[in-house]
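Dear colleague,

I am passing on a structure that you have not worked with before, and I would be glad if you kept it open while you read. My notes on it follow below.

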Amino acid sequence: MKKTSKAIEDYLEAFYILYCNKEPLESARVSRLLNVSRPAVNKATHELMRLGFINKTPYSEIEFTPAGKRIAKRVYHRHTTLKKYLLSLGVSEKNADRDCCLIEHVLSEETFKKIEALIKDKNH
């Protein structure tokens, strides 16, 4: 798998959230979701296309490539799992959401798997 940056993962995750919510994958929606400018989203969109993570033709909606969707799904899964974990510790919703956005990019796979197993055990 290609090495990705935090920013690339954040944009892929934002597109994936829209995708999961059955919303159009549009720059304006990503701009609002990430609280960044539309020019920043347009620049990131071109970078995501260059890296082969999304496809977009003029005047069309953005679509994931298989590689882009796989990364987006992984980042979103890490985010939701880490948020559940932080909430289970008693962290406030606001801080849990903010903190997991930072942690999801740097946490080792080993540590994440242990947290994921702990969350699964609590839910069963």
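In which helix is asparagine 42 found? Asparagine 42 belongs to helix α3, which covers residues 38-50. Please keep in mind throughout that this is a predicted model, and that what I describe was computed from it.

To stay with that residue for a moment, asparagine 42 has a relative accessible area of 36%, so it is classed as partly exposed. Its side chain is joined to the side chain of serine 27 by a polar contact of 3.1 Å. As for the backbone, the C-alpha atom of asparagine 42 is separated by 9.4 Å from that of alanine 28, a residue 14 positions away along the chain.

The largest pocket

The largest pocket holds about 340 Å³ of space. It is lined by 15 residues, and those closest to its centre are Asp10, Glu13, Leu33, Leu34 and Cys101. Three elements give two or more residues to this lining, namely α1 (6-20), α2 (27-34) and α5 (93-103), and of these α1 gives the most, with seven residues. If you sort the lining by class, you will find nine nonpolar residues, five charged ones and one polar one.

One of the residues closest to the centre of that pocket, Asp10, also takes part in a pair of contacts with histidine 105. The side chain of histidine 105 makes a polar contact of 2.8 Å with the side chain of aspartate 10, and another, of 2.6 Å, with the side chain of glutamate 9. Histidine 105 itself is found in the loop between α5 and α6 (109-122), and because its relative accessibility is 19%, under the 20% limit, it counts as buried.

Isoleucine 103 is found in helix α5, and with a relative accessibility of 28% it counts as partly exposed. Its C-alpha atom lies 8.0 Å from that of leucine 82, although the two residues are 21 apart along the chain.

Aromatic rings

The count of aromatic pairs comes to four. In one of them, the ring centres of tyrosine 19 and phenylalanine 64 are 6.0 Å apart and the planes stand at 90 degrees, so the pair is edge-to-face. Because tyrosine 19 lies in helix α1 and phenylalanine 64 in strand β2 (residues 63-64), this pair ties together parts that are 45 residues apart in sequence. As to accessibility, tyrosine 19 counts as partly exposed, at 37%, whereas phenylalanine 64, at 14%, counts as buried. Both belong to one aromatic cluster, which is formed by Tyr16, Tyr19, Phe64 and Tyr76.

Another ring to look at is that of phenylalanine 112, which has its place in helix α6. What lies over the face of phenylalanine 112? You will find arginine 78 there, at 4.7 Å from the ring centre. The two residues are 34 apart in sequence, while their C-alpha atoms are 7.6 Å apart in space. Phenylalanine 112 has a relative accessibility of 2% and therefore counts as buried.

Two backbone angles

Finally, there are two loop residues whose backbone may deserve a glance. Most residues other than glycine have a negative phi. Lysine 22, however, has a positive phi of about 60 degrees although it is not a glycine, and asparagine 35 likewise has a positive phi of about 60 degrees without being a glycine. Lysine 22 lies in the loop between α1 and α2, and asparagine 35 in the loop between α2 and α3.

Are these two residues buried or exposed? Lysine 22 counts as exposed, because its relative accessibility is 76%, and asparagine 35 is exposed as well, with a relative accessible area of 70%.

With kind regards

Methods: Residues numbered from 1 in each chain as written. Predicted model: local features only at pLDDT ≥ 70, side-chain atom pairs only at ≥ 80, totals over all residues. Heavy atoms only, no water. 1 Å grid on protein atoms, 1.4 Å probe; cavity = no way out; pocket = protein on both sides within 12 Å on 5 of 7 lines; lining within 4 Å. Points joined across faces, edges and corners; volume = space filled by probe spheres on them. Helix = DSSP H or I, 4+ residues; strand = E, 2+ residues; numbered from the N terminus. Nonpolar A, V, L, I, M, F, W, Y, C, P; charged D, E, K, R; others polar. Phe/Tyr/Trp six-rings, centres within 6.5 Å; stacked < 30°, edge-to-face > 60°. Buried < 20%, exposed > 50% of the residue type's maximum accessible area, 1.4 Å probe, protein only. Lys NZ or Arg CZ within 6 Å of the ring centre and 35° of its normal. Polar contact = N/O pair within 3.5 Å; in protein donor to acceptor, adjacent residues only side chain to side chain.
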